[in-house]
Each structure stands twice: as structure tokens, then as C-alpha cells.
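Here is a short report on one protein chain. Keep the model open while you read.

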Amino acid sequence: NIYTNFTESLDENDHLNTLYKSLTKAVDKRLMAEVPFGVLLSGGLDSSLIASITAKLLKENPERNPFGNKLHTFSIGLKDAPDLKFGRIVADHIGSIHHEFNFTVEDGINSIYDMIYHLETYDVTTIRASIPMYLLARKIKAMGIKMVLSGEGADEILGGYLYFHQAPNSNEFHSECVGRVNDLHNFDCLRANKSTMAWGLEVRVPFLDVEFIDKALPIHPNL
């Protein structure tokens, strides 16, 4: 495994510059599309970064957006969910055309059988996390959008989950990141791919660009 070791460099500015260029390039590559597209926006850091970089690239190159000249962003949540609130703040900031959808607890429960069928797993967390994405994908596809960008992968690559605070040392932190990235096809990527493709919607995930992973995964855990 080429990611066994992390780099010893603690030069923050150097890493920031590299990551900024690399992530921008990763998003740019995924905007090669001849179909209407948008960005899934939960208002969290990961999806907000993808949305803002996409908005910036489209502003600089308006001809690259086949769906009018503005970016479309999409959020879903239960009534008054924090995702909706923060998604709206980010959408206002980047000037996207924002679409907000609500679902009910009953909608979620009614989706469980379909979720197990499409996801081909009984993993509780995966099923629970897939329901909003599945319900949102149906709405997006009905609007004529064929592809969306999403923020999957960042937490695994960069140790973003809360429990990473409990890592006993740098080696454990790093090996947990590597393990999580290697397992993505069983969990977050499985969720993203199958809950969107259930409706024939393609999802693209810039954080999992190979070049970005090569730059981001070996960063020293202290950073």
C-alpha cells in the first residue's frame, strides 16, 4: 500500500496551496459534461467546498454550464433540519439557484424496503444515510438534471469524523484514514452510487480523485 506512511512535513501553507490546486483541478475534471448538472449541498464543509469551487469555475467559464448560466444546488432534510439552514446560507453566498426539499419520517420509513433492494446491504448506518439521498435523487432526476457533484470521501481522507479526536497517536490516526478510504466502496460510495443510480442519476465525487488522494492522504495527522 503506497499510503502506509505519512509525510513528515508540517509546512501548513505548502499543504494548503497543494490541496487547493489539487481539489480545484479534481472538480474541474468532473465538470466535463454535456448534460444539465448540479451539486448536492448539505451545508457541511465538504459539500460547501465542492459547491463553491464549482460556482467559481462556472463563473470564470460560463460556457461550461449546459443548464443556463447559473449553478443549481440541492438540499433535503426533515422540516427545520440544520442541513437545510446551512445549505441555504452557502447557496446565498455563492449565488446558486437553490432547491430545497422536505421529507417526513413516514417517507423515510416507507423507503426502507426499496433502500435494501437498491443498496444490496443491511448495514443500518448506510441505509439510514441513504434515505435522504435516494429521495432527493428522485426529485433531481424529475427536474431533468442528469449528473450531480457530491462531497463524499473528505472525512475518510482527512480524518473528519468526531471519533478521530480519540486517536491515541499519529500512526493510528493515519492507518484509520487509510482503512476508511479502502472501505469506501462498502459504505459511503456504495450509498452515493446506488441511491442515486436507483433513479438513473450519476454522482461524481471530486474528493476521491486519485491525484487529490495522493496529495491529501499522506498529510501529517497533526495537520
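Helix H5 has a kink of about 35 degrees at Ser130, shortly before the proline Pro132. This is a predicted model. H5 runs over residues 124-142, 19 residues in total. At 1.5 Å a residue it should span 27 Å, and the 28 Å between its end C-alpha atoms agrees with that. Many of its side chains are covered. The buried residues of H5 are Thr126, Ile127, Ser130, Ile131, Met133, Tyr134, Leu135, Leu136, Ala137 and Ile140. Ser130 thus appears twice: it marks the kink, and it is buried. After H5 comes Gly144, with a positive phi near 95 degrees.

**The sheet**

In what order do the five strands of the open sheet lie? The order is S3-S2-S1-S4-S5, and the pairing is parallel. Strands S3 (97-102) and S5 (202-204) are at the edges. Each has a single partner strand, so one side of each lacks a neighbour in the sheet. From one strand to the next, the twist averages 30 degrees. As a general point, strands of a sheet pair through backbone hydrogen bonds, parallel or antiparallel.

S1 (residues 37-40) and S2 (residues 72-77) pair in the parallel sense over two bridges. Across this pairing, Leu40 is opposite Phe74 in S2. Val39 is opposite Thr73 in S2. S2 also pairs with S3, again in the parallel sense, over six bridges. There, Gly77 stands opposite Asn102 in S3.

Is S2 mostly covered or mostly open? It is mostly covered, with six of its six residues buried. The burial holds on both faces. His72, Phe74 and Ile76 are buried on one side, and Thr73, Ser75 and Gly77 on the other.

**Helices around the sheet**

Two helices that pack on the sheet are described here. H2 (residues 45-60) touches S1, S2 and S4 (147-149), and its direction makes about 150 degrees with that of S1. H5 touches S1, S2, S3, S4 and S5, and its direction makes about 140 degrees with that of S2. The kinked helix therefore has contacts with each of the five named strands.

H8 (residues 188-197) is mostly covered, with seven of its 10 residues buried. These are Asp188, Cys189, Leu190, Arg191, Ala192, Ser195 and Thr196. They pack against H4 (105-119), H5, H6 (154-158) and S5. H5 thus turns up again as a partner, this time of the buried residues of H8.

**Two residues and their distant contacts**

Ile94 is found in H3 (residues 82-94). Its relative accessible area is 12%, under the 20% limit, so it counts as buried. Which residues does Ile94 touch, not counting those up to four places away in sequence? They are Ala51, Ser52, Ala55, Lys59, Leu71 and Thr73. Take Ala51: it is 43 residues from Ile94 in sequence, yet 8.0 Å away in space, C-alpha to C-alpha. Thr73 also belongs to the buried residues of S2.

Asn5 lies in the segment before H1 (12-29). It is exposed, with a relative accessible area of 60%. Beyond its neighbours within four places in sequence, Asn5 is in contact with His174 and Pro218. Asn5 and Leu217 are 212 residues apart in sequence, and their C-alpha atoms are 9.6 Å apart in space.

**Aromatic rings**

There are five aromatic pairs. In one of them, the rings of Tyr161 and Tyr163 have centres 6.4 Å apart and planes at 15 degrees, so the pair is stacked. Planes under 30 degrees apart count as stacked. Tyr161, Tyr163, Phe164 and Phe173 form one aromatic cluster. Both tyrosines of the stacked pair are partly exposed: Tyr161 at 22% and Tyr163 at 36%.

The table collects the accessibility of single residues.

| Residue | Relative accessible area | State |
|---|---|---|
| Ile94 | 12% | buried |
| Tyr161 | 22% | partly exposed |
| Tyr163 | 36% | partly exposed |
| Asn5 | 60% | exposed |

How values were computed: Residues are numbered from 1 along each chain as its sequence is written. This is a predicted model: local features need pLDDT of at least 70, side-chain atom pairs count only at pLDDT 80 or more; totals for chains, interfaces and linings use all residues. Side-chain values use heavy atoms; hydrogens and water are left out. Helices (H or I, at least four residues) and strands (E, at least two) are DSSP runs, numbered from the N terminus. The expected span of a helix is 1.5 Å times one less than its number of residues. The bend at a residue is the angle between axes fitted to the seven residues ending there and the seven starting there. Buried means under 20% relative accessible area, exposed over 50%, partly exposed in between (1.4 Å probe, protein chains only). Rings of Phe, Tyr and Trp (its six-membered ring) pair if their centres lie within 6.5 Å; planes under 30 degrees apart count as stacked, over 60 as edge-to-face and the rest as tilted. Two strands pair if DSSP finds at least two bridges between them. Axes are lines fitted to C-alpha atoms, for helices over the stretch in contact, and angles run from 0 to 180 degrees between N-to-C directions. Contact means heavy atoms within 4.5 Å.
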